[in-house]
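Work through the exercises below with the structure at hand. Each task is followed by a solution in steps.

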Amino acid sequence: GGRCGIEVTALDALLRWLDLAGIAVFAASGALVASRKRMDAVGFILIAAVTGFGGGTLRDLLLGRTPPFWLRDPTWLAVASSVAVAVFFTAHRIESRFRALLWADAVGLALFAVLGAEIALLAGARPWAAVLLGVVTATFGGVARDVICNEIPLLLRKEIYALAALAGAAVYVLLRVEGVWRDPALLAGMAV
Amino acid sequence: GGRCGIEVTALDALLRWLDLAGIAVFAASGALVASRKRMDAVGFILIAAVTGFGGGTLRDLLLGRTPPFWLRDPTWLAVASSVAVAVFFTAHRIESRFRALLWADAVGLALFAVLGAEIALLAGARPWAAVLLGVVTATFGGVARDVICNEIPLLLRKEIYALAALAGAAVYVLLRVEGVWRDPALLAGMAV
Amino acid sequence: GGRCGIEVTALDALLRWLDLAGIAVFAASGALVASRKRMDAVGFILIAAVTGFGGGTLRDLLLGRTPPFWLRDPTWLAVASSVAVAVFFTAHRIESRFRALLWADAVGLALFAVLGAEIALLAGARPWAAVLLGVVTATFGGVARDVICNEIPLLLRKEIYALAALAGAAVYVLLRVEGVWRDPALLAGMAV
């Protein structure tokens with residue numbers, strides 16, 4: 001409680017940067033899977049968009065926030081497409097695309113778990129529900145990517161990822177509810 | 001029409017028990033699939049939650065009821081997780097996990113077909129739409145489970161299940177619209 | 001701006017016919033996949049409904065229009081089921097079911113790309129968002145069909161389809177925003 005307009009604006013900006021960063025790394029992870037499946041540039045963009053937008057879209061639908069974020073501002077699509085095209089032209093030079101994929105997924109999970117929890121808290125969700133929504137936001141994009149590409153979801157092969165998302169969202173929500181400033185809570189949530 | 005507060009309360013309680021039972025058996029069916037796929041405990045809980053919550057989540061989204069039930073009350077998550085953990089520790093003792101899976105799916109379909117139709121009727125849907133929503137509620141969780149686990153959906157291999165869900169929801173709605181008390185209609189709908 | 005009641009009624013009728021035609025061809029494409037997978041009649045109807053209703057359902061959910069179209073009017077379900085049954089009895093006579101499937105998908109994409117864009121414009125979406133929603137409406141049904149049937153989505157094997165949907169929706173929206181009458185814009189959008 002008791003936040004003034006400037007803080008809200010700063011938080012908005014921070015959330016926006018978090019979201020951009022999360023979408024960029026998830027788009028990269030989607031494009032890496034497209035690369036492993038030897039798709040063409042259109043496939044790269046489609047899978048990058050599904051991976052980058054999937055988690056946030058389900059979060060927005062579950063919270064009743066329509067239309068979802070990527071239909072309200074063309075920036076998100078531009079970011080996801082640019083990342084997809086960049087990966088399209090560079091992926092063949094990466095030594096281990098699977099290792100890069102694991103890293104992109106891990107960073108994306110950390111960013112989206114905290115972001116999803118924060119958005120759920122702002123929408124009035126109770127803490128335990130915010131933690132769940134953080135997990136949903138962080139995991140759904142990657143699951144949709146793997147389902148569409150006809151693979152067993154990475155999340156189910158590296159189950160530690162789900163635990164990390166849960167822990168990150170939980171630590172963040174705990175610190176936020178206890179009234180800690182947002183910035184340190186955010187760092188703690190992502191570090192987990 | 002003309003129901004008094006006590007009846008509504010009784011119905012609410014009944015719906016809640018139906019929902020709990022349905023989520024428990026679908027969570028068990030999800031955990032059994034996780035067991036067949038040799039996942040660890042986290043995978044059991046994830047798949048149990050997707051199977052148990054999937055049908056009701058799609059029903060709530062289609063009816064515009066947000067947030068969905070499992071974000072409004074932590075009981076559902078506790079039930080699904082407990083069932084998943086219980087199956088995790090006992091599944092290796094079950095003689096035929098596939099037979100147990102078929103039974104769990106059949107019971108879950110019967111419960112959710114009637115529950116989904118009742119919730120749709122309460123939300124003002126016309127009878128034929130309530131029957132459809134009963135089928136959607138009953139079938140989507142199992143389909144999502146099989147899609148994520150990279151299997152041909154059980155529903156498409158045992159098509160009789162879809163007919164049973166349709167018949168159960170239809171009989172229930174017919175009896176309800178004809179003004180029969182809820183309890184016998186419910187039993188008739190599930191028996192089909 | 002400045003349309004009178006008669007035009008709106010004519011447009012409504014046109015949209016309805018477009019939607020019926022799109023659902024019919026997508027239902028046929030779903031039934032053809034069911035035929036290739038040797039499902040029984042219930043499987044034909046389920047896959048036809050998923051393919052025919054999938055794109056429009058996601059579009060309606062993203063726009064916050066609930067319940068989706070197929071729960072508001074039983075015509076859609078009757079059309080999809082009839083097509084599925086018709087394909088069930090005739091598919092074995094078709095010489096190349098895969099070629100028929102490609103044609104059904106291409107026609108359905110053209111119809112739904114324009115239809116999805118128009119509905120998004122009517123709902124107040126900005127032009128670029130309407131183009132995106134056209135692509136989502138046109139592609140999601142086929143992707144859901146292939147995911148449920150455990151195939152790599154056709155969309156990712158014939159990526160030209162995604163480009164065609166994008167181009168069709170874009171041409172249509174461009175012409176509409178420039179104030180061209182709807183009918184020629186529609187034809188141009190579908191021709192692309």
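Contact here means heavy atoms within 4.5 Å. The model is a predicted one.

**Exercise 1.** Determine how many of the interface residues of chain B are also interface residues in chain C, and what follows for the surfaces through which the copies meet.

Solution.
Step 1. The share of interface residues of chain B that are also interface residues in chain C is only 14%.
Step 2. The copies therefore meet through different surfaces.
Step 3. For chain C and chain A the figure is likewise only 14%, so there too the copies meet through different surfaces.

**Exercise 2.** Find the turn and the shift that lay chain B on chain C.

Solution.
Step 1. Two copies of a chain are related by a rotation about an axis and a shift along it.
Step 2. For chain B and chain C, the turn is 120° and the shift along the axis is 0.0 Å, with an RMSD of 0.0 Å. That is the relation of a three-fold axis.
Step 3. Laying chain C on chain A takes a turn of 120° and a shift of 0.0 Å along the axis, and the RMSD is 0.0 Å.

**Exercise 3.** Describe the contact between chain C and chain A: which residues and elements of chain C take part?

Solution.
Step 1. Chain C gives 21 residues to the contact and chain A gives 22 residues.
Step 2. About 1,700 Å² is buried between chain C and chain A, and 77% of this lies on carbon and sulfur atoms.
Step 3. Between these chains there are zero salt bridges, and two residue pairs are in polar contact across the interface.
Step 4. On the side of chain C that touches chain A, at least two residues come from each of helix H2 (41–62), H5, helix H6 (154–157) and helix H7 (160–177).
Step 5. H5(C) supplies the largest share of that side, seven residues.
Step 6. By type, the residues on that side of chain C are 16 nonpolar, two polar and three charged.

**Exercise 4.** Place C:Arg145 in its chain and decide whether C:Arg145 is buried or exposed.

Solution.
Step 1. C:Arg145 lies in helix H5 of chain C, which covers residues 127–148.
Step 2. Buried means under 20% relative accessible area. C:Arg145 has 0%, so C:Arg145 is buried.
Step 3. Leaving aside neighbours within four places in sequence, C:Arg145 is in contact with residues including C:Gly30, C:Val50, C:Leu101 and C:Asp105.
Step 4. C:Ser29 is also among the contacts of C:Arg145, and the side chains of C:Arg145 and C:Ser29 make a polar contact at 2.6 Å.

Note on methods: Residues numbered from 1 in each chain as written. Chains lettered and ligands numbered in written order. Predicted model: local features only at pLDDT ≥ 70, side-chain atom pairs only at ≥ 80, totals over all residues. Heavy atoms only, no water. Least-squares fit on C-alpha atoms with pLDDT ≥ 70 in both. Helix = DSSP H or I, 4+ residues; strand = E, 2+ residues; numbered from the N terminus. Buried < 20%, exposed > 50% of the residue type's maximum accessible area, 1.4 Å probe, protein only. Polar contact = N/O pair within 3.5 Å; in protein donor to acceptor, adjacent residues only side chain to side chain. Buried area = accessible area lost by both parts, 1.4 Å probe. Salt bridge = Lys/Arg side-chain N within 4 Å of Asp/Glu carboxyl O. Nonpolar A, V, L, I, M, F, W, Y, C, P; charged D, E, K, R; others polar.
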